[in-house]
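Me: I'm new to this structure and would love a guided close look at one part of the protein. Could you start from a single helix and its surroundings, and then show me how that part fits into the whole?

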Amino acid sequence: MDLLHEKTLHFLELTANRLREDVIRMVSGAGSGHIAGPLDIADIMAAMYFYVLRHDPKNPHLPERDRLVLSCGHYCPVLYAALARAGYFHIDELKTLRTLDSRLQGHPHRNALPGIETTSGPLGSGISQAAGIALAAHLDRNGSTTSARSGQASSPRGKYRVYCIASDGEHQEGNTWEGIMFAAKQNLSNLTVIVDRNNIQIDGFTERVMPLEPFSAKYESFGWHVVEVDGHNIPAFIGAIAEAHAIFEKPTVIIAHTIAGKGVSFMERDYTWHSKPFKEGEADTAIKELKESRERMVVNHENKD
Ligand SMILES: Cc1ncc(C[n+]2csc(CCOP(=O)(O)OP(=O)(O)O)c2C)c(N)n1
Ligand SMILES: [Mg+2]
């Protein structure tokens, strides 16, 4: 991957901020929906849809497209916003979130909207699905189920790469670890899991509800390459993706440390914002804050020129 140009980084940061504003507008318009996770993954979503992924919004079924599996389906407001801003469908459709007959339901449906690779919502199944897709990419290319570990020289990479965004909370479910074992067994180096390590889940902090630590050691012991990054540092995240591309022996997990509710001061690190209706004025305050940070980004960028 090319070195990130200053102007590209500025564009990605502005896009992430816009996605956050979209999320607030969508969820407040709908009167319900998930907030903290979608806000904190916005930097990664911007980096994925506007820099990392090989895709064509005008040709969503392109066979060689990279696949992004959103395992934590409740994060879909930010996925819908990223897809709309990337050009998969008109931005006005975002206003229909969670309304009757809308293509944008509270959890994503793969046949409803272009750009959605899997139906999700029931947590804990995306890594297994992504591993299956990554294996299919390998089989399409190599025409055999033989994995590199069993002595074949052929690369386990296929024509496309598979990325899976998974939440930390869903690592408390067994199927997640079955997928992790399977991907390691098959040497699926074309698979990259990105974990949103925001430390919260519906009822509280993950380490109180069901501890996940030592999280990276668990992945390592299951045979994965592990990279830990600040999930709000776009250059660091893109560097981690480049590192994953350079690993040929095993799948990679990027543990992205994020701040739940990132970008809106009164939501940050507060697990109750996992999902709750806005009170009077809260959405306006959030949007005002996001606009102010966007203005600061522009001024800082202009001062650099
Ligand atoms: C199999 C399954 N069990 C329970 C739920 C209900 N649920 C929705 S979100 C959520 C919290 C899971 O933690 P995480 O994904 O880390 O949430 P966040 O970081 O967004 O707070 C739960 C339990 C679900 N969607 N699927
Ligand atoms: Mg979480």
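Reply: Here is a walk through helix α4 and its surroundings, followed by a look at some other places in the chain.

Please keep in mind from the start that this is a predicted model. The average pLDDT of the protein is 94, and 94% of the residues score at least 70. One stretch stands apart from that: over residues 145–156 the pLDDT stays under 50, and the model has 18 contacts there beyond four places in sequence.

Let's set the scene before zooming in. The protein has 10 helices and seven strands. Its radius of gyration is 19 Å, close to the 19 Å that the globule rule gives for 305 residues, so the protein is as compact as a globular protein of that length. The C-alpha trace spans about 60 × 45 × 40 Å along the principal axes. Of the 305 residues, 47% count as buried. Among contacts between residues at least 6 apart in sequence, 76% join residues at least 24 apart.

Now to α4 itself. This helix covers residues 76–86, and nine of its 11 residues are buried, so α4 is largely enclosed by the rest of the structure. Which residues of α4 are buried? They are Cys-76, Pro-77, Val-78, Leu-79, Tyr-80, Ala-81, Ala-82, Leu-83 and Ala-84. What do these buried residues pack against? Their partners are α1, α2, α3 and the strand β1 (67–70). Just after the helix comes Gly-87, with a positive phi near 110°.

Val-78 is a good residue to pause at. Setting aside neighbours within four places in sequence, Val-78 is in contact with Leu-19, Val-23, Pro-38, Ile-41, Ala-42 and Met-45. The largest nonpolar core has 80 residues, and Val-78 is among those that touch the most other members, together with Met-45, Ala-134 and Cys-164. As a general background, nonpolar side chains tend to be buried together in soluble globular proteins.

Two of those contacts, Ala-42 and Met-45, lead us to a neighbouring helix, α3. Helix α3 runs over residues 42–52, and nine of its 11 residues are buried, so α3 is also largely enclosed by the rest of the structure. The buried residues of α3 are Ala-42, Asp-43, Ile-44, Met-45, Ala-46, Ala-47, Met-48, Tyr-49 and Val-52.

Another partner of α4 is α2, and α2 takes us to the ligand. The shell around ligand 1 holds 17 residues, and the closest are Gly-37, Ser-167, Gly-169, Gln-201 and His-274. Which elements give two or more residues to this shell? They are α2 (36–40) and β4 (200–201). By type, the shell divides into six nonpolar, nine polar and two charged residues.

The helix α1 also packs with α4, and its far end is worth a visit. Gly-29 lies in α1, which covers residues 6–30. Gly-29 is partly exposed, with 16 other C-beta atoms within 10 Å. Not counting residues up to four places away in sequence, Gly-29 touches Lys-95 and Leu-97. For a sense of scale, Gly-29 and Ala-244 are 215 residues apart in sequence and 38 Å apart in space, C-alpha to C-alpha.

Moving on, Ser-32 sits in the loop between α1 and α2. Ser-32 is partly exposed, with 14 other C-beta atoms within 10 Å. Beyond four places in sequence, Ser-32 touches Arg-98 and Pro-277. The C-alpha atoms of Ser-32 and Gly-106 are separated by 8.8 Å, although these residues are 74 apart along the chain.

Finally, here are some backbone details in other loops. Asn-187, in the loop between α6 (174–185) and β3 (191–197), has a positive phi near 55° without being a glycine. Asn-187 is buried, with 23 other C-beta atoms within 10 Å. Asn-199, in the loop between β3 and β4, has a positive phi of about 70° and is not a glycine either. Asn-199 is buried, with 20 other C-beta atoms within 10 Å. In the loop between α7 (206–209) and α8 (215–221) you will find Pro-214, and the peptide bond from Glu-213 to Pro-214 is cis, with omega near 0°.

To come back to our starting point: α4 is largely enclosed, and its buried residues pack against α1, α2, α3 and β1.

Definitions and conventions:
Residues are numbered from 1 along each chain as its sequence is written. Chains are lettered from A and ligands numbered from 1 in the order in which they are written. Helices (H or I, at least four residues) and strands (E, at least two) are DSSP runs, numbered from the N terminus. The radius of gyration is taken over C-alpha atoms; the globule rule is 2.2 Å times the number of residues to the power 0.38. A residue is buried if 20 or more other C-beta atoms lie within 10 Å of its own, exposed if 12 or fewer, and partly exposed in between; C-beta atoms are placed from the backbone. Two residues are in contact if their C-beta atoms, placed from the backbone, lie within 7 Å. A residue is near a molecule or strand if its C-beta atom, placed from the backbone, lies within 6 Å of it. Ala, Val, Leu, Ile, Met, Phe, Trp, Tyr, Cys and Pro count as nonpolar, Asp, Glu, Lys and Arg as charged, and the others, Gly among them, as polar. A nonpolar core is a set of buried Ala, Val, Leu, Ile, Met, Phe, Trp, Tyr and Cys residues joined through C-beta atoms within 7 Å. pLDDT is the predictor's confidence in each residue, from 0 to 100.
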